[in-house]
Amino acid sequence: MLTETVYTGKWFAEQLDKVIVSQWSTNTSQPDIHNSVKIARLLDFIKFNK
């Protein structure tokens, strides 16, 4: 997914936990639901009322 967007692994690491992003990027683990929501918010996939 990162290769298909303007977002880089470094950018995600700055926004989220660097270890989580590293494991996700190398496919060692996948984000849990909590981090999936954070990623979706960062990518503006999900609009949440504040």
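**View 1. The whole chain runs α-α-α along the sequence.** The model is predicted: local features need pLDDT of at least 70, side-chain atom pairs count only at pLDDT 80 or more, and totals for chains, interfaces and linings use all residues. Residues are numbered from 1 along each chain as its sequence is written, and side-chain values use heavy atoms, without hydrogens or water. The chain has three helices and zero strands. Both are DSSP runs numbered from the N terminus (helices: H or I, at least four residues; strands: E, at least two).

**View 2. Surface and burial of the chain.** About 4,100 Å² is exposed, and carbon and sulfur atoms supply 54% of that area. Areas come from the Shrake-Rupley method with a 1.4 Å probe; for residues, only the protein chains shown count as cover. Of the 50 residues, 18% count as buried. Buried means under 20% relative accessible area, exposed over 50%, partly exposed in between (1.4 Å probe, protein chains only).

**View 3. The two faces of α3, residues 33-42.** Asn-35, Ile-39 and Ala-40 are buried. They lie on the same side of α3 because they cover an arc of only 145° around the axis, taken from the directions from the helix axis to the C-beta atoms. Ile-33 and His-34 are exposed, on the face turned away from the buried side. The buried residues of α3 pack against α1 (9-15) and α2 (18-25); contact means heavy atoms within 4.5 Å.

**View 4. The ends of α3.** At the start, a side-chain oxygen of Asp-32 comes to within 3.3 Å of the backbone nitrogen of His-34. Just after α3, Asp-44 has a positive phi of about 60°.

Technical notes: Polar contact = N/O pair within 3.5 Å; in protein donor to acceptor, adjacent residues only side chain to side chain.
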